[in-house]
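Q: Hey, I've just opened this one and I'm new to it. Can you walk me through it?

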Amino acid sequence: MKFSQLLCPTLKDSPREAEIVSHQLMLRAGLSQKVASGLYSYLPMGLRVIKKIEAIVREELDAANCQEVALPLITPASLWQESGRWAKYGPELLRFKDRHDNEFCYGPTFEEAITDMFRQSVQSYKALPVTLYQIQNKFRDEIRPRFGLMRSREFIMKDAYSFHLTEDCLDITYKAMEAAYHRIFKRCGLDAVCVQADSGAIGGDVSAEFMIRADTGEDEVLICQGCQLTANKEVIEKTNHCPKCNSTEFKSVRGIEVGHIFKLGTLYSSALKASVLSDLGKPTIVQMGCYGIGVSRTMAAAIEQHHDEKGIKWPIAIAPYTVTIIVTNMRDEAMVETGLALYETLKHQKIDVILDDRSVSAGVKFKDAELIGFPIQLVIGKQFSETGTIEYKERDTQDTINVSKDAIVGHLKTKLETSN
Ligand code: ATP
Ligand code: MG
């Protein structure tokens with residue numbers, strides 16, 4: 001991509017409405033834009049980040065034997081009436097009628113719809129276990145949308161649901177999903193902790209949340225000082241001591257919930273009568289698990305965890321572009337030519353590269369590069385005219401080294417290989 005053709009309206013100052021740094025930088029770096037309260041559009045750069053996070057999620061879930069499906073964004077009220085949630089779910093559920101007076105909701109979560117898909121499709125235990133997932137926009141009419149994509153009304157969620165004949169089988173998938181979640185967040189360059197959210201009455205954990213540590217996080221995470229177990233406040237309030245080592249000393253830190261895994265048991269399958277014939281030919285209500293990841297919130301959390309006073313420091317795996325080539329003087333023919341050639345070479349090598357070929361000052365280009373946060377800058381500037389070298393600079397460490405024009409591609413590739 002050439003920067004001169006890119007829709008990326010960077011802002012010098014933070015819009016007043018943005019209270020936390022991820023929201024400020026997201027708007028300033030031209031990643032997303034507000035449409036109305038809790039409703040945001042993704043601009044090209046923001047969408048690239050989203051797509052990269054989604055690709056990692058897909059790869060890891062597919063590797064864990066999950067199958068991708070796509071359900072309609074709206075769900076008929078009848079399914080929610082079957083589960084009993086039509087009456088229970090409060091004003092967060094956006095309800096509406098079509099022209100025939102049929103009631104619907106814009107899906108905030110899809111246990112009902114997926115259970116309906118399952119019961120229409122599976123009759124025998126032989127098809128189990130099965131895990132289905134989708135990545136799409138959800139809507140929750142949040143009472144207080146805030147912090148941009150962190151708590152919006154429409155947001156992108158990956159939701160997965162697993163179906164099993166037995167609790168033991170659910171257990172295995174639940175643990176596999178927990179492991180997949182660790183891999184997903186690690187690959188996104190995020191330091192996430194898995195926090196026990198609720199201890200089941202009959203032993204065993206039924207729910208865990210994945211938290212990104214950040215001072216601006218809305219959730220409180222307690223770390224046991226005896227065994228380092230992490231738990232959310234509700235769990236500790238219930239028991240007053242660590243469920244693992246009995247210690248009563250905890251350190252409190254703030255976190256952002258980016259994922260949630262849950263053993264549902266037969267909550268929805270019994271309400272919607274989702275059963276299969278067991279190996280003994282006996283109709284059996286299936287066990288279910290559900291597993292969510294806030295994709296758009298993960299993007300915000302990544303900024304919260306990776307930034308400095310100049311802007312975003314994207315982890316390579318989810319950066320909108322890995323490399324930016326900055327040609328400081330567009331009137332210098334040799335520079336322009338070198339920049340273009342390097343750009344074509346890197347594109348050819350399947351490296352995500354953007355060429356800053358705008359006719360603006362070098363200062364503006366540097367500022368934007370730091371603000372948007374491309375992990376690597378290749379600067380073709382004064383030192384190129386003088387010594388024929390290109391400056392290689394890492395956004396995160398600010399490490400800078402001059403490399404000859406002929407060696408720059410090799411240097412870059414070695415760096416990218418070692419960072420993977
Ligand atoms: P929260 O406690 O933050 O309201 P939740 O527990 O209601 O979230 P879940 O139902 O567990 O959310 O949804 C799965 C994931 O979707 C969450 O872990 C979070 O990452 C994301 N998510 C939930 N609500 C929002 C929102 N309003 N905006 C952005 N992401 C959200
Ligand atoms: Mg949750």
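**A chat about the binding site and the fold**

A: Sure, let's start at ligand 1: one of its oxygen atoms has a polar side-chain atom of Glu 257 2.6 Å away. Keep in mind that this is a predicted model.

Q: How much of the accessible area of ligand 1 does the protein cover?

A: Taken on its own, ligand 1 has 580 Å² of accessible area, and the protein covers 82% of that.

Q: OK, and which residues are closest to ligand 1?

A: Those are Arg 140, Glu 142, Arg 151, Ser 152 and Glu 257, out of 14 residues that surround the ligand. Two of them sit by nitrogen atoms of ligand 1: Glu 142 has a polar side-chain atom 2.7 Å from a nitrogen, while Ser 152 comes in with a polar backbone atom at 2.8 Å.

Q: What classes of residue make up that shell around ligand 1?

A: A mix: five are nonpolar, four polar and five charged.

Q: Which strand gives the largest share of the shell?

A: That's E13, with four residues. E13 covers residues 250-265, and strand E8 (154-164) also supplies at least two residues of the shell.

Q: There's a magnesium ion too. What are its protein donors?

A: Glu 257, through OE, and His 260, through ND1, at 2.3 to 2.4 Å from the ion. So Glu 257 turns up at the magnesium ion and also beside an oxygen of ligand 1.

Q: Why does His 260 count as partly exposed?

A: Because its relative accessibility is 23%, and partly exposed runs from 20% to 50%.

Q: Switching topic: what does the whole chain look like?

A: Its C-alpha trace spans about 80 × 60 × 45 Å along the principal axes. The secondary structure comes to 13 helices and 23 strands. There are 420 residues, and 51% of them are buried.

Q: How many of the contacts link residues that are at least 24 apart in sequence?

A: 67%, counting contacts between residues at least 6 apart.

Q: Which helix is largely enclosed by the rest of the structure?

A: Helix H9, residues 295-305, is one: ten of its eleven residues are buried, so the rest of the structure largely encloses it. Among the buried ones are Arg 297 and Glu 304, along with Met 299 and Ile 303.

Q: What about Glu 370, buried or exposed?

A: Buried, because its relative accessibility is 6%. Glu 370 belongs to helix H11, residues 362-372, and its side chain makes a polar contact of 3.5 Å with the side chain of Lys 310. Beyond its sequence neighbours, Glu 370 is also in contact with residues including Ile 312, Lys 393 and Arg 395.

Q: Any odd backbone spots? Where is there a cis peptide bond?

A: Between Leu 128 and Pro 129, with omega at about -5°. Pro 129 lies in the loop between helix H5 (111-121) and strand E7 (130-139). For background, most peptide bonds are trans, and most residues other than glycine have a negative phi.

Q: Which residues other than glycine have a positive phi?

A: Asn 240 is one, with phi near 70°, and Lys 350 is another, with phi near 65°. Asn 240 is in the loop between helix H7 (233-239) and E13, and Lys 350 is in the loop between helix H10 (333-348) and strand E20 (353-356).

Q: Are those two buried or exposed?

A: Exposed: Asn 240 has a relative accessible area of 57%, and Lys 350 has 75%.

Notes. Residues numbered from 1 in each chain as written. Chains lettered and ligands numbered in written order. Heavy atoms only, no water. Near = heavy atom within 4 Å. Polar contact = N/O pair within 3.5 Å; in protein donor to acceptor, adjacent residues only side chain to side chain. Areas by Shrake-Rupley, 256 points an atom, 1.4 Å probe, with all protein chains shown as cover. Nonpolar A, V, L, I, M, F, W, Y, C, P; charged D, E, K, R; others polar. Donors = N, O, S within 2.8 Å, 3.2 Å for Na, K, Ca; no water. Buried < 20%, exposed > 50% of the residue type's maximum accessible area, 1.4 Å probe, protein only. Contact = heavy atoms within 4.5 Å. Lists of a residue's contacts leave out its neighbours within four places in sequence.
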